[in-house]
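Colleague: Could you walk me through this model, starting with a small detail and working up to the overall layout?
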Amino acid sequence: MLASRALLSKQTLAVLAQQPAAFVHQGSWGNANVAVVFSGCGWWDGTDVHEGVYTMYHLSRNGARFQMFAPNQQQTEVMDHIKKQPASGDHRNTMVESARFSHNQGVMLMHDLSNLDVNTFDAVIFPGGYGVIKNLSSFVKDGKDCKLHAEVERVLKDFHRSRKPIGLSSTAPVLACRVLPSLEVTMGYEREDNTNRWGKWPHTNMVQAVKSMGARHNVREPYEAHVDEKNKVVSTPSFMWETEQHYHYIFDGIGNMVKHVMRMTSK
């Protein structure tokens, strides 16, 4: 038995020795501490699963520590993600649903957004999804004149006032543009482009809304991020672009957003 364990140990060490350096990758920005704010779980009524997971992956890959937050409130509605219509008689809590992203131990717990203290973190990131415009704001009902959840507004203003970076993906620029002045953001294309054979841009009405809020919009591809150096706001289109199979572009775009947020934490 002991001989078998020794052999297994030698084999394991041999395999690890062959792994590339990235196997034990450490980011270039030390141990930046980043708050990630969720709005539920699922594209149609919360945080998009891919955007949430990609954000956490890239934060980990770049050496960041992060904690997850969500408002402790009832969701505006719960969607049947197969039928893409409201699920009748179903009432869920935004924080409880967001906890589906967590592993329920240590710092991987989901925390109440009211406990997010700007002094504890170096940056904040809001992944996108319809929860941004349903649970974190009244955008679905009020459009450009929407109101933000009180804690969401507080967090955005606190980080902006403290000159700490804010990351936004897909629908999330709506939040920042509503309460912060003269931002530069991207939500992708400003109109549908029928020549794009890999996907389409069906949410361009939101682009017009942020422009009417006083923001300057910049056209970017899904794999790109736009950096507002003055305001320390970084945004990427993500699933403002609909694609059936080219999800690696979304992955790369969120990666670029996270890297710029991390870069700004060192300034």
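**Loops, sheet and pocket**

Modeller: This is a predicted model, and a good small detail to begin with is Ser182, which lies in the loop between helix 7 (173-179) and strand 8 (184-188).

Colleague: Okay, is Ser182 buried or exposed?

Modeller: Ser182 counts as exposed, because its relative accessibility is 59% and the cut-off for exposed is over 50%. Ser182 also has a positive phi of about 55°, although it is not a glycine.

Colleague: Why point out the sign of phi?

Modeller: The sign is worth pointing out because most residues other than glycine have a negative phi.

Colleague: And what is phi like at Arg163?

Modeller: Arg163 is not a glycine either, and its phi is positive, near 60°. Arg163 is found in the loop between helix 6 (150-161) and strand 7, and with a relative accessible area of 42% it is partly exposed.

Colleague: You mentioned strand 7, so which strands does it pair with?

Modeller: Strand 7 runs parallel to strand 6 (residues 123-126), and 3 bridges join the two; one of the residues involved is Val124, whose bridge partner in strand 7 is Ile166. Strand 7 also pairs in the parallel sense with strand 11 (residues 233-236), over 4 bridges, and there the bridge partner of Gly167 is Val234.

Colleague: Are the faces of strand 7 covered or open?

Modeller: Both faces of strand 7 (residues 166-169) are covered, since Ile166 and Leu168 on one side are buried, and so are Gly167 and Ser169 on the other.

Colleague: Zooming out, what is the order of the strands in the sheet?

Modeller: The sheet is open, has 7 strands with mixed pairing, and follows the order 5-2-1-6-7-11-10. Strand 5 (110-112) and strand 10 (226-228) stand at the edges with a single partner strand each, so one side of each has no neighbour in the sheet. On average, neighbouring strands of this sheet are turned by 25° against each other, if direction is ignored.

Colleague: Which strands does helix 2 lie across?

Modeller: Helix 2 (residues 49-61) lies across strand 1 (33-37), strand 2 (65-70), strand 6 and strand 7, and it runs at about 155° to strand 2. Helix 9 (residues 247-265) lies across strand 1, strand 6, strand 7, strand 10 and strand 11, running at about 175° to strand 11.

Colleague: What about Thr55, what is it in contact with?

Modeller: Thr55 has its place in helix 2, and once neighbours within four places in sequence are left aside, Thr55 is in contact with Val36, Ile125, Pro127, Ile254 and Val258. Thr55 counts as buried because its relative accessibility is 0%, and buried means under 20%.

Colleague: Changing topic, what volume does the largest pocket have?

Modeller: The largest pocket has a volume of about 340 Å³, and the residues that line it include Trp43, Trp44, Asp48, His50, Lys84, Phe239, Glu242 and Tyr247.

Colleague: How many of the lining residues are nonpolar, polar and charged?

Modeller: The lining of the largest pocket divides into 5 nonpolar, 3 polar and 4 charged residues; His81, Trp241, Thr243 and Glu244 also belong to that lining.

Conventions: Residues are numbered from 1 along each chain as its sequence is written. This is a predicted model: local features need pLDDT of at least 70, side-chain atom pairs count only at pLDDT 80 or more; totals for chains, interfaces and linings use all residues. Side-chain values use heavy atoms; hydrogens and water are left out. Buried means under 20% relative accessible area, exposed over 50%, partly exposed in between (1.4 Å probe, protein chains only). Two strands pair if DSSP finds at least two bridges between them. On a 1 Å grid over the protein atoms alone, a cavity is a set of points where a 1.4 Å probe fits but cannot get out, and a pocket is an open set with protein on both sides within 12 Å along at least five of seven lines; lining residues have an atom within 4 Å of a point. Grid points are joined across faces, edges and corners, and a volume is the space filled by probe spheres set on the points. Ala, Val, Leu, Ile, Met, Phe, Trp, Tyr, Cys and Pro count as nonpolar, Asp, Glu, Lys and Arg as charged, and the others, Gly among them, as polar. Axes are lines fitted to C-alpha atoms, for helices over the stretch in contact, and angles run from 0 to 180 degrees between N-to-C directions. Contact means heavy atoms within 4.5 Å.
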